[in-house]
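Here is a walk through one structure, taken a few residues and helices at a time. Keep the sequence and the 3D view side by side as you read.

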Amino acid sequence: MTRFTVNNQPVEYRLDPQTPLLWALRDASNLTGAKYGCGTGICGACTVDVDGHAVRSCRVSIASIEGSYVTTIEGLSRERTHPVQLAFIAANVPQCGFCIPGIVMAAAVLLKTVPDPSEDQVRASITNICRCGTYPRLIDAIQRAGRAMRGEETIPAGFRPGIDPADSARLVPALVPPKAP
């Protein structure tokens with residue numbers, strides 16, 4: 001049995017100790033924010049925070065992180081209120097959304113260690129692959145999140161998760177609810 005903490009909850013996995021962290025999170029804990037992309041640690045879709053480090057969870061066995069603290073996108077903020085999440089939403093960074101949880105986690109770790117990253121520091125730290133090509137907005141959003149975390153800027157909250165489509169139409173003028181026949 002392998003023990004560590006996931007999103008502030010102690011867990012004990014009764015899995016083969018060589019099981020990749022990604023599969024323990026997704027299959028045993030039903031935390032599906034970290035995605036399986038390449039399986040080689042290159043794409044970064046599976047990135048989580050392990051003891052303050054951005055880790056590609058497809059390449060790390062659960063045995064190797066015994067006693068660690070793991071934070072997934074679900075543990076960062078269920079309400080999408082973390083500054084990185086707010087900045088990404090405000091800058092329209094998410095497109096297809098597949099890579100976004102891994103990028104958000106990598107950015108959150110970066111901002112913990114480098115509160116005011118330069119563009120070059122962001123480029124060097126965020127090596128995740130995004131097929132949608134949102135990199136210019138991504139860099140701006142990460143720097144904006146840093147400003148928000150330092151108290152230099154406020155980012156308006158996005159729409160709450162699970163919003164009713166009719167409420168969306170009232171809150172976003174460009175959306176119009178379908179008319180009844």
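V60 sits in a loop, the one that links β4 (53-56) to β5 (69-71). The model is a predicted one. Is V60 buried or exposed? Its relative accessibility is 16%. The cut-off for buried is under 20%, so V60 counts as buried.

What does V60 touch, beyond its neighbours within four places in sequence? The contacts are T19, P20, L21, V55 and I65. Take L21 from that list. Along the chain, V60 and L21 are 39 residues apart. In space, their C-alpha atoms are 5.7 Å apart.

Now turn to strand β1, which covers residues 2-6. T2 belongs to this strand, and R3 does too. How much of T2 is accessible? The relative accessible area of T2 is 2%. Buried means under 20%, so T2 is buried. R3 has a relative accessibility of 46%. Partly exposed runs between the 20% and 50% cut-offs, so R3 counts as partly exposed.

The contacts of these two residues can be read next. Leaving aside neighbours within four places in sequence, T2 is in contact with V11, E12, Y13, P17, I62, A63 and E66. With neighbours within four places again left out, R3 is in contact with V11, E12, E66 and G67. The pair R3 and G67 is worth finding in the view. These residues are 64 apart along the chain. Their C-alpha atoms are separated by 6.0 Å.

Step back to the whole chain. How many helices and strands are there? The chain has 7 helices and 5 strands. From the N terminus, the order is β-β-α-β-β-β-α-α-α-α-α-α. The chain has 181 residues, and 43% of them count as buried. Consider the contacts between residues at least 6 apart in sequence. Of these, 56% join residues at least 24 apart.

Next come the helices, starting with α4. Helix α4 covers residues 100-113. Its 14 residues should span 20 Å at 1.5 Å a residue. The end C-alpha atoms of α4 are 20 Å apart, so the two values agree. How many residues of α4 are buried? The count is 12 of the 14, so α4 is largely enclosed by the rest of the structure. The buried residues are I100, P101, G102, I103, V104, M105, A106, A107, A108, V109, L110 and L111.

What packs against α4? Two packed helices are described by the angle between their axes and the distance between the axes. Helix α3 covers residues 83-90 and packs with α4 at an angle of about 125°. The axes of α3 and α4 are 9 Å apart. That angle makes α3 oblique to α4. The crossing of these two helices is right-handed. On the α3 side, the contact is made by V84, Q85 and F88. On the α4 side, it is made by I100, I103, V104, A107, A108 and L111. By class, the α3 and α4 contact has 8 nonpolar residues, 1 polar and no charged ones.

A further partner of α4 is α6, residues 135-149. Here the packing angle is about 45°, and the axes are 10 Å apart. That makes α4 oblique to α6. The crossing of α4 and α6 is right-handed. Helix α4 brings I103, A107, L110 and L111 to the contact. Helix α6 brings L138, I142, A145, G146 and M149. The residues of the α4 and α6 contact divide into 8 nonpolar, 1 polar and no charged.

Finish with α6 itself. It has 15 residues and reaches 21 Å from its first C-alpha to its last. That is close to the 21 Å expected at 1.5 Å a residue. Which residues of α6 are buried? They are L138, I139, A141, I142, A145, G146 and A148. The buried residues of α6 pack against α3, α4 and α5 (119-125). Just after α6 comes G151, with a positive phi of about 80°.

Note on methods: Residues are numbered from 1 along each chain as its sequence is written. This is a predicted model: local features need pLDDT of at least 70, side-chain atom pairs count only at pLDDT 80 or more; totals for chains, interfaces and linings use all residues. Side-chain values use heavy atoms; hydrogens and water are left out. Helices (H or I, at least four residues) and strands (E, at least two) are DSSP runs, numbered from the N terminus. Buried means under 20% relative accessible area, exposed over 50%, partly exposed in between (1.4 Å probe, protein chains only). Contact means heavy atoms within 4.5 Å. Axes are lines fitted to C-alpha atoms, for helices over the stretch in contact, and angles run from 0 to 180 degrees between N-to-C directions. Angles under 35 degrees count as roughly parallel, over 145 as roughly antiparallel, 65 to 115 as roughly perpendicular and the rest as oblique. A crossing is left-handed if the near helix is turned anticlockwise from the far one by less than a right angle, and right-handed if clockwise. Ala, Val, Leu, Ile, Met, Phe, Trp, Tyr, Cys and Pro count as nonpolar, Asp, Glu, Lys and Arg as charged, and the others, Gly among them, as polar. The expected span of a helix is 1.5 Å times one less than its number of residues.
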